[in-house]
Amino acid sequence: MSTDRKPVPVSLPPELVRELDQLVEEGQFGSRSEALRYGARLVVREEYQKRLHDGTADRAKEDVEERLDRKRVP
C-alpha cells in the first residue's frame, strides 16, 4: 500500500469510538486510523465482490435464457 495518504475527516458515534479504542488497547490495531483503514478496505472489497457476483449472476442468467431459447421449438 502506498505511503501517500489523504486525510478524511469522519464523525463516529461515541460507542463506536469506544469499541475502536478497545480494539487498539487489545493490540488488534496500532491506532484508530489503522482500524478505520482496515474497515474501509473491507467495505471496498465487499462492494467489489458484490459487483463481481452480480455480474456473474447476470451473465449466467443470460446464458441459461439463451440456451433455453435455442432449444425451444418454434
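The secondary structure of this protein consists of two helices and zero strands. The model is a predicted one, and the description below proceeds from the overall form to the individual helices and the contacts between side chains.

The overall dimensions come before the details. For 74 residues, a compact globule would have a radius of gyration near 11 Å, whereas the protein has 22 Å. The C-alpha trace spans about 70 × 30 × 20 Å along its principal axes. Burial can be read alongside these dimensions: buried residues account for 5% of the 74 residues. The protein exposes about 7,000 Å² of surface, and 54% of that area is supplied by carbon and sulfur atoms. As for charge, the protein carries 15 positive and 16 negative side chains. The centres of these two sets lie 4 Å apart.

The path along the chain can be taken up in the segment before helix 1, where Val10 is found. Val10 has a relative accessibility of 51% and therefore counts as exposed, since the cut-off for that class is over 50%. Val10 also provides a distance to a later part of the chain: its C-alpha atom and that of Leu36 are separated by 9.8 Å, although the two residues are 26 apart along the chain.

Helix 1 comprises residues 14-25. Its twelve residues, at 1.5 Å a residue, should span 16 Å, and the end C-alpha atoms are indeed 16 Å apart, so the expected and computed spans agree. Just after helix 1 comes Gly27, which takes a positive phi of about 90°.

Helix 2 covers residues 32-71. Tyr38 lies in this helix and is partly exposed, with a relative accessible area of 40%. From Tyr38 to His53 the separation is 15 residues in sequence and 22 Å in space, taken from C-alpha to C-alpha.

Side-chain contacts between opposite charges complete the picture. The count comes to two salt bridges, where a side-chain nitrogen of Lys or Arg must lie within 4 Å of a carboxyl oxygen of Asp or Glu. In one of them, the side chains of Arg32 and Asp21 meet at 2.6 Å, N to O. This pair links distant parts of the chain, with Arg32 in helix 2 and Asp21 in helix 1, eleven residues apart. Arg32 counts as partly exposed at 44% relative accessibility. Asp21 is likewise partly exposed, its relative accessible area being 24%; the cut-off for burial is under 20%, so Asp21 does not count as buried.

The other salt bridge joins Glu47 and Arg51, whose closest N and O atoms are 3.0 Å apart. Here both partners belong to helix 2, and because they are four residues apart, about one helical turn separates them. Glu47 has a relative accessible area of 33% and is partly exposed. Arg51, at 60% relative accessibility, counts as exposed.

Taken together, the two salt bridges comprise one that links helix 1 with helix 2 and one set within helix 2.

Methods
Residues numbered from 1 in each chain as written. Predicted model: local features only at pLDDT ≥ 70, side-chain atom pairs only at ≥ 80, totals over all residues. Heavy atoms only, no water. Rg over C-alpha atoms; globule rule 2.2 N^0.38 Å. Buried < 20%, exposed > 50% of the residue type's maximum accessible area, 1.4 Å probe, protein only. Areas by Shrake-Rupley, 256 points an atom, 1.4 Å probe, with all protein chains shown as cover. Lys, Arg positive; Asp, Glu negative; His and termini not counted. Charge placed at Lys NZ, Arg CZ, Asp CG, Glu CD. Expected span 1.5 Å × (residues − 1).
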